[in-house]
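Work through the exercises below with the sequence and the 3D view side by side. Try each task before reading its solution.

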Amino acid sequence: MKQITQHLYQIPLGSVNTFLIEDNGLTLIDTGFKNSRDKIFQAIRNGGKNPDDIKQIILTHSHPDHSGSVADIKGTLEVPVYAHPDDAILVEAGIGGRLPHQPSPGLANWIIYRIFIKDSPNETEMCRIDERIQDGDILPIAGGIEVIHTPGHSKGHLSLLLKKERLLIAGDICANMFGLDFSTVYEDRQLGIQSILKAAAYDFDTAVFGHGKPLIGNANAKLKQKFS
């Protein structure tokens with residue numbers, strides 16, 4: 001578990017990241033693939049914190065690498081789960097995402113898509129969503145987290161702006177695995193570009209992603225420059 005800012009920690013789970021916000025307890029952002037619960041809990045313990053202090057889970061979107069363990073963790077801790085209405089429908093039905101996906105250009109994206117995504121099960125364990133959150137909502141966590149609806153990768157994709165930290169939890173609007181680039185797949189890449197630029201119009205210095213390393217220093221300007 002790596003501390004990024006005063007309140008935010010990144011938990012790497014191999015190919016995907018989850019995040020932990022510490023403020024009057026803990027908030028877990030995304031849950032990794034199925035069977036990730038114990039890895040997440042152990043990372044939290046290794047960081048000197050207690051998984052039992054998790055008060056809520058927020059999903060950036062429904063895809064199985066982000067929502068795969070949400071039912072397991074919710075059932076263990078009996079905590080509420082937050083998601084956008086458009087992807088809450090899928091999580092509650094046990095559906096990973098809307099098909100077909102549009103693979104992004106580039107050799108690395110082609111390889112990742114062919115090996116890891118194309119024939120993978122498009123399903124998750126069904127989980128009830130307790131709170132449906134929308135664009136512009138302010139969550140009373142870490143001094144106020146603004147919900148930004150950023151569709152394209154998924155219709156109900158959310159990014160989260162930690163205003164006081166000047167940090168954006170970008171989810172999968174794009175990725176930073178081999179440098180800043182598109183995510184491997186989108187439902188609608190043109191809409192995804194619009195969402196990247198929508199998010200980049202906000203004031204933040206650091207961005208973290210579902211896939212790859214943090215982007216530190218003038219992150220909003222770097223997103224604008226890359227995707228405009």
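**Exercise 1. Decide whether isoleucine 57 is buried or exposed, and place it in the fold.**

Step 1. Isoleucine 57 has 0% relative accessibility, so it counts as buried. Buried means under 20% relative accessible area, exposed over 50%, and partly exposed in between, with a 1.4 Å probe and protein chains only.

Step 2. The model is predicted: local features need pLDDT of at least 70, side-chain atom pairs count only at pLDDT 80 or more, and totals for chains, interfaces and linings use all residues. Residues are numbered from 1 along each chain as its sequence is written, and side-chain values use heavy atoms, with hydrogens and water left out.

Step 3. Isoleucine 57 sits in strand β5. Helices (H or I, at least four residues) and strands (E, at least two) are DSSP runs, numbered from the N terminus.

Step 4. List its contacts (heavy atoms within 4.5 Å). Leaving out residues up to four places away in sequence, isoleucine 57 touches Leu28, Thr31, Val70, Ile73, Lys74, Val79, Pro80, Val81 and Tyr82.

**Exercise 2. Find which residues touch the most other members of the largest nonpolar core.**

Step 1. Start with the term. A nonpolar core is a set of buried Ala, Val, Leu, Ile, Met, Phe, Trp, Tyr and Cys residues joined through side-chain atoms within 4.5 Å.

Step 2. The largest core has 25 residues, and Leu20, Ile40, Ile54, Ile57 and Leu59 touch the most other members. Elements that each supply at least two of its residues include β3 (16–22), α1 (37–46), β5 (54–58) and α3 (70–77).

Step 3. Another core lies apart from it, with 20 residues, among them Phe182, Ile196, Ala199 and Leu223.

**Exercise 3. Give the strand order of the open sheet, and say which strands stand at the edges.**

Step 1. The 7 strands run in the order β1-β2-β3-β4-β5-β6-β8, with mixed pairing. Two strands pair if DSSP finds at least two bridges between them.

Step 2. β1 (2–3) and β8 (131–132) are the edge strands; each has a single partner, so one side of each has no neighbour in the sheet.

Step 3. Look at β5 and β6: they pair in the parallel sense over 2 bridges. Valine 81 in β6 is the bridge partner of isoleucine 57.

Step 4. Add the helix. α3 packs on the sheet and touches β4, β5 and β6, and its direction makes about 160° with that of β5. Axes are lines fitted to C-alpha atoms, for helices over the stretch in contact, and angles run from 0 to 180 degrees between N-to-C directions.

**Exercise 4. Locate the cis peptide bond.**

Step 1. The bond from leucine 99 to proline 100 is cis, with omega near 5°.

Step 2. Proline 100 lies in the loop between α4 and β7 (102–103).

**Exercise 5. Compare asparagine 24 and alanine 142: what is the phi of each, and is each buried or exposed?**

Step 1. Asparagine 24 is not a glycine, yet has a positive phi of about 50°. Alanine 142, also not a glycine, has a positive phi of about 55°.

Step 2. Asparagine 24 is in the loop between β3 and β4. Alanine 142 is in the loop between β9 (138–139) and β10 (145–149).

Step 3. Asparagine 24 is exposed, at 73% relative accessible area, whereas alanine 142 is buried, at 4%.
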